[in-house]
Amino acid sequence: MMPSPDPLLSLLLAAALVLMGLALFAPNHGLLSRWRRTRRYSERALLEDALKHLQHFESHGQSSGLHTLAGALEIPVNQSVSVVGRLQSHELVQMEGGEIRLTPVGREYALRVIRAHRLWEQYLAEETGFAEVEWHGQAEEYEHQLTPEKTAELARKLGQPLYDPHGDPIPDWKGEFKPHAGQALTAMPVDTPLRIVHIEDEPGVVYAQLAAEGLSPGMEIRLIESGPKRVRFWVVTGGYDGFEEHLLAPIVAANISVVPVEVQEISHRREQATGFPLSELKVSERGRVLSISPRLRGAERRRLLDLGILPGTAVEAALASPSGDLTAYRVRDALIALRREQTRLIQIEPISEEFA
Amino acid sequence: MTNRTHTATSCESCPAHNAANLMRLGVNMMDYDYVVALTGNPNTGKSTVFNALTGLRQHTGNWPGKTVGRAEGGFEFGGKKYKLVDLPGTYSLLATSLDEEIARDFILFGQPDVSLVVVDATRLERNLNLVLQMIEITDRVVVCLNLMDEARRHGLQVDERRLARDLGVPVVPAAARTRRGLDQLLQVVHAVATGEILPRPRRVRSEPPQVQDAVNLLAGQVGSLFPGLPNARWVALRLLDGDERIAEAVHSGELGDLTRGEGETSRMDLPLKLETAEMVEANRVNSDEVLKTARALRWEVAGDFHERVMVKLYAEAARIADRAASKPSEKPRFDLDQTIDRVVTSRRWGFGLMILLFALVFWITISGANVPSGWLSALLVGTIYPWLHALADLASLPWWLSGLLIDGVYLATAWVVSVMLPPMAIFFPLFTLLEDFGYLPRVAFNLDNIFKKAGAHGKQSLSMMMGFGCNAAGIVATRIIDSPLERLIAMLTNNFALCNGRWPTQILIATIFIGTLAPPYLAGLISALAVVGIAMLGVLLTFWVSWALSRTALKGEVSTFSLELPPYRPPRIFQTLYTSIIDRTIYVLWRAVVFAAPAGAAIWMVANVKIGGQNIAEYLIGFLNPLGVLIGLNGIILLAYVIAIPANEIVIPTILMLTVMVAGSHGAGAGTGVLFQVDQGSTLAVLQAGGWTLLTGVNLMLFSLIHNPCSTTLYTIYKESGSRKWTVVAALLPLGLGFAVTFFVAQVWRLVVGF
């Protein structure tokens, strides 16, 4: 048999190899991923981002010049000149005075990119397990890679969604869409019942804060206080752990768009303040589902619907798992175990005995 | 029960299945008169009904969602030949998942002569939701009210006449497990297929009130586009829900083809149906308009439209179920199911009972398998093997042919069969009995918290347990995990459950290397502890790797948790024995044999084919030896793991053969180039002559636990995951980990112990 190599030397060599591998392939800071990130921002991506920016400004009734473009794309002004030059040569934009204007073709192109972006966000929300804060960044990358065919296929698979998970309308393949009717939360009078219809995902820092608060479109809220220092509101349905209070700085709250809830829509619900999360239900107690938080989405939500857990369903807590966390509920004569992270997002009301 | 029957006199009601469409959906209609689609919620006994009607034996178990893919079978009744198509079990037909889409498309576009819905009588409400959706699509529905025996056991009374009247379709009570009610079911299916019974389903208006105007408008347009379409409102709803497949069918006019043979009542509303070329052209223009209207209306209806439809359907299902089923007026004083549940999931008894049960299963398996294993080995290796050699001599086969076939292919296969078959034939039926009874979901319930911390699903405890029998069977068992992320985790980590093929290796090495270190009276205990320690290390690795995978490579995969605890069902012992042996044991064994036979040939050739005076084996060992020594093993062991990849059972015999061959000691074994196994003392002597130390033994035990799965398992992973990428990961991840662990152990050992 051959002699074994020196153990200490082998260990050191192996450690060196592992470190080298990490330096090369580490997910975010590795050389490979850095190289891919710089390559990603290709010429095409730059032009498409410029079109998106112009469309965004146009839809808000603002005009865009070389400086705003450079600022939005985070490039030097002289580079933005060449970007506009390229766009002009493709007849996607035209200059009018110092103003950059989209041509009809350019607008259509921009909407196509926006469609791809929002569809991808919807895909990430519905069909994957990525966290909210990752959606936008990933979509920024994928919007440039989706071909029209792939976009159409994606839309088909998602059931032709109308809105992305932030509440932005997804233009259809003809570029038609209907913007959401929401107004900034800060502009609303205190004490009206409201529903969140849109949460702006840019800038990322503000969005991360809103996501961390657990807010998402579809939630019904009640504004309690709105001043220059702070905005205070309650989430009525769909938050974590029931009736929760949120305190936000006005600049953050302004990124939430809401619509007033019509009285007719909530009339079928009884006193909302009696609601509490399913996770609070003790074994052998009964309740009726009021609402399921919009935070339970995609496959997870569909599973609940399949099992017959939806507004109006009577549930009874039947068994608690000996190791905790898991509880089995009697739902429509079946025994279904759910985890706490799910049941705290389901609002119920107690069933009084005479109705039971 | 066929109260709303209607004996048709006209030719309109003749069977008119859509042969062309069915062909396109992959159903071969040669030699069949009628097609029956079988649908139902998961775990309603759909597979049992299928088996009872066709005589096929699909594996059935007390789990939601056993049927994967589509099965077909045939039967004859009343002189007609029927084809039964088993569609995926779904909770609804709103096409939000691939399964639902397959089932929906088949019923809508395939136009089966009869759509049979199997309904669980004990969960009427949830099941009726599907029935209500079915009758929105097609008239020809027959409801099989299954599990009536179970309902009766729970004191539940279901009035099937009432149900049939409320639904407007025939309802047949049955207990498919005991074949009760199936004759009547066949009669009704036959009557609907031949048109003797014409179901008149009562359709629910499932649209929420807020969108009624939109539905009315769109349904009107759809109705005028396809006169005679019986389900215009349903089509309108689907269009509003953004159902692209239906939009395509509207656009292409495919929906118009479906109007014949159904719903004459609505056809009578219209004076005449003229099908001229101009009409067709006019339709096309119209269809675009309809779709345009639908697109515009979609922006008007609320975003949670889909869910409101479900709420409405469920409310209706609850109403019908309430009228049809009557629960016992007062709760029985003693609810057996609940009592069992309280005990098996209690803090005090739950875990103890679980450990006891599984210890019992393992004990019966191990102690029960020794004897038949010995018999099989004596028969296959002791008797038949020399007999085959004698036969080969008689036929004067050339040495290489008899060597390749008998010493190679036959011997390796016989080895695998004799080691593998007996434990599996005991373990799997026992496990299946527990499964059939309904106990296993409770185990998953008890253990979920631990698995959750590793990012996995409680049901992984069961696929892991199955992996202790055979990893390939463990991979198949991951089917019960209905969440993509957790299922993948369970597949990729199943290999860390020490399988039946590796226990003998562990026991042998532990006995001769570790047991001998201890004083004789402790030897047995110490070596047993060493083996259990390795198995426990495997369990720890399962958790650790699951945890790491869920946070890195698998980040972003979808995860949906739900665990249904089905009611307890008295196990059917003979049925279980039969299906578990056919389904699991023979199936796994067959795959193992298919892989072991060529491996036997490869092992023989490597050891017996000489190039330039040296065996192929000797070249390969020389090549692998530096790596082997680096990780505390040697080239022989590595080569054995390479060529014995199909089955872990033949690793030790291969190592012995190669060691004897290389070391040249002919004291032990049948001869060079042939697999053999000898008693423990001689094995130790052979291995020590081959340069083995305690480190080699320990690292072999580690490597045997942590290396790539056998090729049978890998093939199963490929089949089950349908992904090449994950199959490669499943192979390389444990292999890399194994190299790392053995490397580290070897270096530290050499630093501390010095050799």
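These are my notebook entries on chain A and where it meets chain B, in a predicted model.

**Chain A, first look.** I started with the secondary structure and found 13 helices and 14 strands in chain A. I then looked up the span of its C-alpha trace, which is about 80 × 75 × 45 Å along the principal axes. Chain A has 356 residues, and 38% of them are buried. I also checked contacts with a separation of 6 or more: 59% of these in chain A join residues 24 or more positions apart.

**A sheet in chain A.** Next I traced an open sheet of six strands in chain A, and I read its order as S3-S8-S4-S5-S6-S7, with antiparallel pairing. Which strands stand at the edges? I noted S3 (183–184) and S7 (244–248) of chain A; each has a single partner strand, so one side of each is left without a neighbour in the sheet. Further in, I followed S4 (residues 193–199) and S8 (residues 256–260) of chain A, an antiparallel pair with five bridges. I picked out Ile196(A) there, and its bridge partner in S8(A) is Val258(A).

**Where the chains touch.** I turned to the contact, which takes 49 residues from chain A and 54 from chain B. On the chain B side, H18(B) gives the largest share, six residues. I sorted that side by class and got 19 nonpolar, 19 polar and 16 charged residues.

**Strands across the chains.** How many bridges join S13 of chain A to S9(B)? I found two, with S13 (residues 334–339) of chain A and S9(B) running antiparallel. My last note is that Ile336(A) has Glu564(B) as its bridge partner in S9(B).

How values were computed: Residues numbered from 1 in each chain as written. Chains lettered and ligands numbered in written order. Predicted model: local features only at pLDDT ≥ 70, side-chain atom pairs only at ≥ 80, totals over all residues. Helix = DSSP H or I, 4+ residues; strand = E, 2+ residues; numbered from the N terminus. Buried ≥ 20, exposed ≤ 12 C-beta atoms within 10 Å, placed from the backbone. Contact = placed C-beta atoms within 7 Å. Pairing = 2+ DSSP bridges. Nonpolar A, V, L, I, M, F, W, Y, C, P; charged D, E, K, R; others polar.
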